[in-house]
Amino acid sequence: MTVVKHVDVHVEGIVQGVGFRPFVRSLAIRLGLAGRVRGDVNGVHIEIEGALAGVEEFLTALERDAPALSDIERVTVVSGEPAGHRGFTIAASDPSGLRRALVPADTATCDDCLRELADPADRRHRYPFIGCVTCGPRFTIVRGAPYDRPRTTMAGYTLCPACAAEYHAPGNRRFHDHTAGCPACGPRLRLLDARGADLCGDPIACAVTLLHAGRVVAVKGLGGFHLAVPAAHEHAAATLRGRKHREDQPFAVMAADLAQARRLCTIDDTAAGLLTSRARPIVLLPRRPGAPVAAGVAPGHRTLGLLLPYTALHHLLLAELGEPIALAGGDVSGEPIAHTDADALTRLGGIADAFLTHDRPIHVRADDSVLRPMSGEVTVLRRARGYAPEPLPLRHRVPRPVLACGAELNSTICLAAERRAYLSQHLGDLHDQDALRAFAEAIDHYCGLSGIRPDVVAHDLHTGYPSTRHALAIPGADLVGVQHHHAHIASCLADNGDSGPVIGVAFDGLGHGPDGALWGGEFLRADLATYERLGHLTPVPMPAGAIRQPWRMAAAYLRHDHPGLAVVRRNAASWAGVLGRADAPLTSSAARLFDAVSALLGIRDTVTYDGQAAIELEQHADPAETGTYPAAVTLRDLRCAGDLLAVDGGDLVRAAAEDLTAGVPTPVIAGRFHNGVADAIARACQTLRQATGLSAVALSGSVFQNALLLEGTVERLRAAGFRVLRHIRVPPHDGGLSLGQAAVAAARDRA
Ligand SMILES: [Zn+2]
Ligand SMILES: [Zn+2]
């Protein structure tokens, strides 16, 4: 007689909404085992019984053969008494208790679904909302946990008999697929005019006709609306840019497939892997000379933000159009993108000529993620659709749950508990009411999905940030104020699973120092819990209005020298007035140094979005230039605490001004300036290594979104024998700040 073995198996991680329970059932049936599986708030719970050898094989295969989208974090096995199960069933989920089961990120249409999409014999032939247990919308349609159809925006669609049969058929690709649907029972596509009235005919064919005619079509994606025009259509791109007034940000370009994408950009194996990954991010890539892209798509940029279709709707649209489309965010001028139909019609009615939309609600807004290959690795510049809400692993346990509120621009929030950090999707700049509402909703939603009830709340030292005010108003929480640039370096440490101490180089916009000054070009000695300021860029006055008018920083650096320069002549009416003001605060900001040089070279006197002057300066620079400018690196007093070292950015501006006067071409000057900054960082770190004994450097802050600077700096530091940490999974700018704040708060809680 065979001995019946019974075990209870608990699986934690991303195991809901990824076909895990159907996988468990078919595995058990194949091995002749009985029992049941059900989702609970912590993951899935399996009772399995049968012959010992079968149970052992089950436990091995459970992890080895798990579905592609699953990510098992922990498996706990406990032996028990046989319960006399007959057959194997999937039981209803248990929604009570603390929720640690995770919701997967949205995932691009899989190859199996694409085959059905193209098959005239399939009942989902050309169905724009085709999906299965391994692909489709997840995070953006989920209202609560555990992940089950009634808690998604698919709840309103009743399965037709054919879909219901698949849903209940073990072994079917759509067994327990909570997004299941078909042309008879699922979401439906519509094409609306600018006033919201239905346009007749096939929505995709009509949209294609409009696009060919150079019209702007708003397209509903997974996380919100985009505004589309054909990428090569000069007039259409100019029209779209004109209607999105006050905006200079480059548009992304979506190509039908890799072959079409290769006509636009140089794509190596790494880039091809990123473009075709399940997350389908925008990837910043070198644009091919003569690529068929209208001038208005990415003016002044040598790179293009490229992406491939991530929903069946995009696949159908791109295939029928036969050429790439330029995609702008579905907003008017920098506020969060529209994600409900009503909001889209209200806000985008003056921009879009038509709306290609559907009736499946988007519950959570999520922008496209943006990645950039830099210095042999890939850095995430915007972490949203396709990545959120998947947690980042932490090296150290978090003693009490933490909520970190981030800063103001590129806002994110972060919840941390045990060894996981849930970094929210990019929430935008907290300037307007819509973004503030999204910020508060994100905190509630992530608390709901993760079950985390924070005891500790981390925030920036700047009390004027809406995020800080929100933190200070949370009743009963232990508050932890984290210095802005310490949070940047801690974010880089957490991103790399490191805990320091390191020499932290935080080259950034502006952040409050504990001395009340405006920091932003900082050299810190930092670990997760503590930091000490070792040095900084030599402070200069920051004239009022300098953030929107970089030429004012050129004035602050050049003063009355070089009166013949074009930047002085262009701004002659206000130049002396700017310098005459004695009340300008001092700043050591590296971003403002880049602004000054951008204006000096005539690239940007004024900007319409954060970082624009520096971004365009990088795009303008000749990457082959090897010349450099020397900046004085002065060590004041080794024994004196803080303020050890000063790097004079003014030397770089003056050298650039002299080259400009001598008639050196501006791309060469921009190249030499980048090299000069990288040289200065490397020399400063060498001096600080002698002073501190530290030989690891962490690079963070918005200025390190600049590939030319990052590559030059990493190369020089490695050549000097440093171990270099740079951002990989979270952005170097303030979008990664909440992770750093959470890491600091947790480290202080452990101490
Ligand atoms: Zn699929
Ligand atoms: Zn159906």
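## Cavities, zinc sites and cores in a predicted model

The residues that line the second largest cavity divide into seven nonpolar, two polar and three charged. The structure is a predicted model, and what follows describes features computed from its atoms.

The lining of this second largest cavity consists of Leu394, Arg395, His396, Val398, Leu493, Ala494, Gly497, Asp498, Leu528, Ala743, Ala746 and Arg750. Strand E16 (392-404), helix H13 (484-495) and helix H22 (737-750) are the elements that give two or more residues to that lining, and E16 provides the largest share, with four residues. The space in the second largest cavity comes to about 110 Å³.

The largest cavity holds about 160 Å³ of space and is lined by 19 residues, of which Pro128, Pro137, Leu222, Thr311 and Arg360 lie nearest its centre. Its lining residues divide into nine nonpolar, eight polar and two charged. In total, the model has seven cavities of 30 Å³ or more.

E16 also contributes to an open site, the second largest pocket, where the element supplies four lining residues, the largest share. This pocket has a volume of about 530 Å³, and of the 22 residues that line it, Asp71, Glu73, Pro391, Leu392 and Pro393 are the closest to its centre. At least two lining residues each come from strand E1 (4-14), strand E4 (71-80), strand E15 (377-382), E16 and strand E17 (414-423). Eleven nonpolar and eleven charged residues make up the lining of the second largest pocket, with no polar residue among them.

The three sites can be set side by side.

| Site | Volume | Nonpolar lining residues | Polar lining residues | Charged lining residues |
|---|---|---|---|---|
| Largest cavity | about 160 Å³ | nine | eight | two |
| Second largest cavity | about 110 Å³ | seven | two | three |
| Second largest pocket | about 530 Å³ | eleven | no | eleven |

Two zinc ions are described next. The zinc ion (ligand 1) has as its protein donors the SG atoms of Cys110, Cys113, Cys132 and Cys135, which lie 2.3 Å from the ion. The angles among these four donor atoms are 105 to 116°, and the site is tetrahedral. Along the chain the donors of ligand 1 follow the spacing C-x2-C-x18-C-x2-C, and both Cys110 and Cys113 are buried.

For the zinc ion (ligand 2), the protein donors are the SG atoms of Cys160, Cys163, Cys182 and Cys185, at 2.2 to 2.3 Å from the ion. Why is the arrangement around the zinc ion (ligand 2) called tetrahedral? The four donor atoms subtend angles of 105 to 116°, which makes the arrangement tetrahedral, given that four donors count as tetrahedral if all angles lie between 85 and 135 degrees. For comparison, the ideal angle for four tetrahedral donors at a metal is 109.5 degrees. The donor residues of ligand 2 are spaced C-x2-C-x18-C-x2-C in sequence. Cys160 lies in the loop between helix H3 (111-118) and helix H4 (161-167), while Cys182 lies in the loop between H4 and strand E6 (189-193), so the pair ties together parts that are 22 residues apart in sequence. Cys160 and Cys182 are both buried.

The loop between H4 and E6 also contains His176, whose phi is near 60°, a positive value in a residue other than glycine. Ser375, likewise a residue other than glycine, has a positive phi near 50° and sits in the loop between strand E14 (370-374) and E15. With a relative accessible area of 18%, Ser375 is buried, because buried means under 20% relative accessible area.

Two cis peptide bonds belong with these backbone features. One runs from Ala388 to Pro389, with omega near 5°, and Pro389 is found in the loop between E15 and E16. The other runs from Gly500 to Pro501, with omega near 0°, and Pro501 lies in the loop between H13 and strand E20 (502-512). As background to these values, most residues other than glycine have a negative phi, and most peptide bonds are trans.

The nonpolar interior remains to be described. The largest nonpolar core has 73 residues, of which Phe507, Phe523 and Val567 touch the most other members. Helix H20 (residues 666-692) gives the largest share of this core, namely twelve residues. Another core, of 43 residues, lies apart from it and includes Ala261, Leu264, Ile351 and Val378. In soluble globular proteins, nonpolar side chains tend to be buried together.

Key
Residues are numbered from 1 along each chain as its sequence is written. Chains are lettered from A and ligands numbered from 1 in the order in which they are written. This is a predicted model: local features need pLDDT of at least 70, side-chain atom pairs count only at pLDDT 80 or more; totals for chains, interfaces and linings use all residues. Side-chain values use heavy atoms; hydrogens and water are left out. Donors are N, O and S atoms within 2.8 Å of the metal (3.2 Å for Na, K and Ca); water is not among the atoms, so sites may look incomplete. Four donors count as tetrahedral if all angles lie between 85 and 135 degrees; four count as square planar and six as octahedral if opposite donors are over 155 degrees apart and all others between 65 and 115; anything else is irregular. Buried means under 20% relative accessible area, exposed over 50%, partly exposed in between (1.4 Å probe, protein chains only). A nonpolar core is a set of buried Ala, Val, Leu, Ile, Met, Phe, Trp, Tyr and Cys residues joined through side-chain atoms within 4.5 Å. On a 1 Å grid over the protein atoms alone, a cavity is a set of points where a 1.4 Å probe fits but cannot get out, and a pocket is an open set with protein on both sides within 12 Å along at least five of seven lines; lining residues have an atom within 4 Å of a point. Grid points are joined across faces, edges and corners, and a volume is the space filled by probe spheres set on the points. Ala, Val, Leu, Ile, Met, Phe, Trp, Tyr, Cys and Pro count as nonpolar, Asp, Glu, Lys and Arg as charged, and the others, Gly among them, as polar.
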